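Dear colleague,

I am handing over the structure we spoke of. My notes on its internal cavities follow below it.

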Amino acid sequence: MSQPLLRALVRAAVELASRHDRDAVLDLILAELERLVPYDMAAVLVLDGDTLRVVAGRGFRREVDLRALRFDRGGNPRLERALAARGTVRFIDPHEPDPFDELAPRPLDHLHSCMAAPMRLDGRLLGLITADAVGEGRFDEAQEELMELFAAPAGGAIRNTDLASALERAREQREGE
């Protein structure tokens, strides 16, 4: 990995670690991912039991309520494969159902590039980061590696915001008592 890419990755991780507001963290994840791995559409999905919830996204049709999207575990082959993977998965088969095809701002002709990376923290699966780009072969091995490396601090930042919110709720409850 080149020094500029390594510096960009470290800078992104440091920025994520310094944020505590969940919406700000999610926006930053999508912005930093776009700097590292240019995409046309991207999503952050959080695993909640056996359901993947979309918590943030960019590049989708404006009228789509992304936060209302839920995918049952095992309900989509691409998402399930990404959840089971140790690192980033690039999806090559254009006939495999893509959960985001219908949400693109313009119709996709299946000539697009897709990849997803699991977010893990302390061995625990937290969710996925996905990226789609119009055009075949838009993602390469270096971008695949960058996305994999970025997924860990992204997942950690989301987990930190959840912990900060839980602590704040507990503090408010104690003060109310």
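**Cavities in the predicted model**

The largest cavity holds about 80 Å³ of space. Please keep in mind that this is a predicted model. Cavities of 30 Å³ or more number 2 in the structure, and I take them in turn.

*Largest cavity*

A total of 13 residues line the largest cavity. Nearest its centre lie Phe91, Asp98, Phe100, Thr130 and Asp132. Three elements give two or more residues to this lining: α3 (77-84), β5 (112-121) and β6 (124-134). Sorted by class, the lining has 9 nonpolar residues, 3 charged ones and 1 polar one.

*Second largest cavity*

The second largest cavity has about 40 Å³ of space. Two or more residues of its lining come from each of β3 (70-72) and α3. The most is given by α3, with 3 residues.

The lining residues of the second largest cavity, should you want to display them, are these:

- Leu52
- Phe71, Asp72, Arg73, Gly74, Gly75 and Asn76
- Leu79, Glu80 and Leu83

By class, this lining is made up of 4 nonpolar, 3 polar and 3 charged residues.

Which element should you look at for both cavities? Helix α3 is among the elements that give two or more residues to the lining of the largest cavity, and α3 also does so for the second largest cavity.

Regards

Note on methods
Residues numbered from 1 in each chain as written. Predicted model: local features only at pLDDT ≥ 70, side-chain atom pairs only at ≥ 80, totals over all residues. Heavy atoms only, no water. 1 Å grid on protein atoms, 1.4 Å probe; cavity = no way out; pocket = protein on both sides within 12 Å on 5 of 7 lines; lining within 4 Å. Points joined across faces, edges and corners; volume = space filled by probe spheres on them. Helix = DSSP H or I, 4+ residues; strand = E, 2+ residues; numbered from the N terminus. Nonpolar A, V, L, I, M, F, W, Y, C, P; charged D, E, K, R; others polar.
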